[in-house]
Amino acid sequence: MGGTDHRYTVNLSILFTELPLLERPAAAAAAGFTAVELWWPWVDAPVPERAELDSLRRALTDAGTRLTGLNFYAGQLPGPDRGALSVPGEESEKFRRNIDVAVDFAQSTGCTALNALYGNRVSGATPDEQDRLALENLVSAARAADSIGAVLLIEALNAIESPHCPIVSAPRAVSVVDEVNEATGLDNTRFLMDLYHLAMNGEDLHKVIDDHAARTGHVQIADSPGRGAPGTGELDFPDLLERLAKAGYEGRIGLEYKPGDLPSAESFEWLPRPLRRA
């Protein structure tokens, strides 16, 4: 099923979670992967201790894995939060404190893609107020990412699992991408096309690919329903991966799925081992 025109990166925040964080890069390498991505690993610490950052960097290096994607601080993931940057008060402040830390870590690991999850609608602030705050924070994040030659990613989630998040469609996410690029003039903000979330929203995936591949900086996949490995649900991944290639997408494909009852290392049978090296 694996597409030969694509490079793959495995998400260590949803796969290999049966292992401690610092053991996951080596486990991914043993499964044949050379590229990995992460949600922000310290959900309670936008600014972790230097020793924790150093230990994770060393684990990546020792395993021979390159970090290809990193989330900015986004609150409790997995859990009730869907980001922090649009949430007034403490959460927004945590996001701001995290920007330089995440960018510095990305630069030190060769990571050039940083994902900024928008956040939920909350009581006590109007949607307009939250959107203004979000744009301010996204502009800061985009400028910081640009300082290391990285792109800022904006992801659409799905309305079923994230009913309070306003970014739950491809067009809405792309509109935020355009707003940030217009505000910064840097053109380094891109769409993160998560095919699982878009499928859960009932979007036409062919249309999304055709319309938005040119502004897509990263793609993530999981089957739908269930968020399992390709082949466990209803999505036609050979078709979708081929369409991405024909649309000109040359970036990586992030494997962001749940391994189910299998150990993570056994959930990659759908992807021939020679194709796992990025």
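Select Ala 26 first; this residue is found in helix 1. The model is a predicted one. Ala 26 is partly exposed, with a relative accessible area of 44%. Add Arg 97 to the selection: the two residues are 71 apart along the chain, and their C-alpha atoms are separated by 30 Å.

Step back along the chain to Phe 16, in the loop between strand 1 (7-11) and helix 1. Its phi is positive, about 65°, although Phe 16 is not a glycine. Is Phe 16 buried or exposed? Phe 16 has 2% relative accessibility, and because buried means under 20%, Phe 16 counts as buried.

Now select helix 2, residues 50-63. At 1.5 Å a residue, its 14 residues should span 20 Å, and the end C-alpha atoms are indeed 20 Å apart. Colour Leu 53, Leu 56, Arg 57, Ala 59 and Leu 60, the buried residues of this helix. Looking down the axis of helix 2, you find these buried residues within an arc of 155°, so they line one face of the helix. Which elements do they pack against? Show helix 1 (24-30), strand 2 (35-38), strand 3 (66-71) and helix 3 (90-109), which are the partners of the buried residues. Turn to the other side of helix 2 for the exposed Arg 50, Ala 51, Thr 61 and Asp 62. Just after the helix comes Gly 64, with a positive phi of about 75°.

Go on to Pro 78, in the loop between strand 3 and helix 3. Display the backbone here: the peptide bond from Leu 77 to Pro 78 is cis, with omega near -10°.

Next, select helix 4 (residues 127-146) together with helix 5 (residues 170-184). The two pack at an angle of about 65°, and their axes are 9 Å apart. Their crossing is right-handed. For the contact itself, show Asp 131, Leu 135, Leu 138, Val 139, Ala 142 and Arg 143 on the helix 4 side. Across from these, helix 5 supplies Arg 172, Val 176, Glu 179, Val 180, Ala 183 and Thr 184. By class, the contact residues are seven nonpolar, one polar and four charged.

The last stop is the loop between strand 7 (216-221) and helix 8 (237-246), where Pro 225 sits. The peptide bond from Ser 224 to Pro 225 is cis, with omega near 0°. Arg 227 lies in the loop between strand 7 and helix 8 as well. What is notable about the phi of Arg 227? Its value is near 60°, which is positive in a residue other than glycine. Arg 227 counts as buried, at 12% relative accessibility.

Terms used
Residues are numbered from 1 along each chain as its sequence is written. This is a predicted model: local features need pLDDT of at least 70, side-chain atom pairs count only at pLDDT 80 or more; totals for chains, interfaces and linings use all residues. Side-chain values use heavy atoms; hydrogens and water are left out. Axes are lines fitted to C-alpha atoms, for helices over the stretch in contact, and angles run from 0 to 180 degrees between N-to-C directions. Helices (H or I, at least four residues) and strands (E, at least two) are DSSP runs, numbered from the N terminus. A crossing is left-handed if the near helix is turned anticlockwise from the far one by less than a right angle, and right-handed if clockwise. Contact means heavy atoms within 4.5 Å. Ala, Val, Leu, Ile, Met, Phe, Trp, Tyr, Cys and Pro count as nonpolar, Asp, Glu, Lys and Arg as charged, and the others, Gly among them, as polar. The expected span of a helix is 1.5 Å times one less than its number of residues. Buried means under 20% relative accessible area, exposed over 50%, partly exposed in between (1.4 Å probe, protein chains only). The arc is that of the directions from the helix axis to the C-beta atoms.
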